[in-house]
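Colleague: I would like to go through some of the labels used for this model. Please give me the reason behind each one.

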Amino acid sequence: MFGLFSSYDIRMIAIMTMLLDHVGLLLAGTVCYYPLRMIGRIAFPLFCFLLVEGYIHTKDLHRYMLRLFVCAVVSQVPYSLFLNTGRLNVMYELFIGLICLYLVDRQSSYGIIAFVGLLVACGASCGAEYGLYGIALIVAMYYFRGSPVNRFWFCGILCILMSWEYYGAAALSMAVIWCYDGNVGKRMNRWLQYAIYPAHMILLSAVRFIF
C-alpha cells in the first residue's frame, strides 16, 4: 500500500466523482455523458470504504446510525425528483450496510436473530440503487480490512460486477483505497458532509428546471 491519501482526501475524491456523475446526468445525449458517468462509478465504493472506517473508529455507533438515517430520509425527495426514480437513495444503502456490519459483529452472540436480521437488511437493500452488490461490497471491505491485497482483488471484482455497463469503472476506486495512509487528515464538519448529498441534487434539479 502507498500512503498518499488520508480519509479526508478520499472523501473529497468521492464527493467530486459523485458530483461529476450527477452532472453527467444533466448532459444526457451529449458526448460528455458516458465519460462523466464512468468517472462517477468510483464514488460509491469510496463511500463504502469510508463507512467501514467510520464504523471501526466511531465513538458512538448509535449517533452514527442516526446521522445516516436522517440524511437518507432528508435526501429521498431530492433524489427521487432529480433521478425520476422510486428507488431508495444511496444513503439508505449505506445505513443498511452499517446495520449489517453491526449484525455481522454480533453473529456469535445473537446467532439466528442476527442471521435473520442480516437477511431482512439484505432484502431491504434490493430497493436501493446498488442492491445486494452494494451490501456485499460494504461487508467485504469490513471482512478484508486486515488484508489489503485480498480486499483489493475481492472488492475489485465486486466493483466490476456492479458497474459492468461502464466497463467495470468502479474498480478504479480500489486504486484510491490502496493509497490510503491510515490517517484522518483534515476534519470536515459532520453535518456539512451529509448536507452535500441532498443539497447538490436540489441545485442540479434547479439548473435542469431553469435551462
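Modeller: This is a predicted model. We can begin with Tyr-33, which has a relative accessible area of 24%.

Colleague: Why is Tyr-33 called partly exposed?

Modeller: Buried means under 20% and exposed means over 50%. The 24% of Tyr-33 falls in between, so Tyr-33 is partly exposed.

Colleague: Where does Tyr-33 lie, and what does Tyr-33 touch?

Modeller: Tyr-33 lies in helix α2, residues 33-40. Leaving out residues up to four places away in sequence, Tyr-33 touches Gly-24, Leu-25, Leu-27, Ala-28 and Tyr-166. Between Tyr-33 and Asp-21 there are 8.6 Å from C-alpha to C-alpha, and the two are 12 residues apart in sequence.

Colleague: What makes Cys-155 and Cys-179 count as buried?

Modeller: The cut-off for buried is under 20% relative accessible area. Cys-155 has 0%, so Cys-155 counts as buried. Cys-179 has 12%, and therefore Cys-179 counts as buried too.

Colleague: How many disulfides does the structure hold?

Modeller: The structure holds 0 disulfides. Take Cys-155: the nearest cysteine sulfur belongs to Cys-159 and is 6.6 Å away. A disulfide needs two cysteine sulfur atoms within 2.5 Å, so Cys-155 is in no disulfide.

Colleague: Now the helices. How do you know whether α4 and α5 are roughly parallel or roughly antiparallel?

Modeller: Helix α4 (residues 61-83) and helix α5 (residues 90-105) pack at an angle of about 155°, and their axes are 8 Å apart. Angles over 145 degrees count as roughly antiparallel. The two helices are therefore roughly antiparallel to each other. The crossing of α4 past α5 is left-handed.

Colleague: Which residues of α4 and α5 meet?

Modeller: Among them are Leu-61, Tyr-64, Met-65 and Gln-76 in α4, and Met-91, Tyr-92, Leu-94 and Tyr-102 in α5. By class, this contact has 15 nonpolar, 1 polar and no charged residues.

Colleague: Why are α3 and α8 called oblique?

Modeller: The axes of helix α3 (residues 43-57) and helix α8 (residues 131-143) cross at roughly 45° and come within 9 Å. Roughly parallel needs an angle under 35 degrees, and roughly perpendicular needs 65 to 115. The angle meets neither condition, nor is it over 145, so α3 and α8 are oblique to each other. The crossing of α3 past α8 is right-handed.

Colleague: Which residues make the contact of α3 with α8?

Modeller: They include Phe-44, Pro-45 and Cys-48 of α3, with Gly-134, Leu-137 and Ile-138 of α8. The contact divides into 12 nonpolar, 1 polar and no charged residues.

Methods. Residues are numbered from 1 along each chain as its sequence is written. This is a predicted model: local features need pLDDT of at least 70, side-chain atom pairs count only at pLDDT 80 or more; totals for chains, interfaces and linings use all residues. Side-chain values use heavy atoms; hydrogens and water are left out. Axes are lines fitted to C-alpha atoms, for helices over the stretch in contact, and angles run from 0 to 180 degrees between N-to-C directions. Helices (H or I, at least four residues) and strands (E, at least two) are DSSP runs, numbered from the N terminus. A crossing is left-handed if the near helix is turned anticlockwise from the far one by less than a right angle, and right-handed if clockwise. Contact means heavy atoms within 4.5 Å. Ala, Val, Leu, Ile, Met, Phe, Trp, Tyr, Cys and Pro count as nonpolar, Asp, Glu, Lys and Arg as charged, and the others, Gly among them, as polar. Buried means under 20% relative accessible area, exposed over 50%, partly exposed in between (1.4 Å probe, protein chains only).
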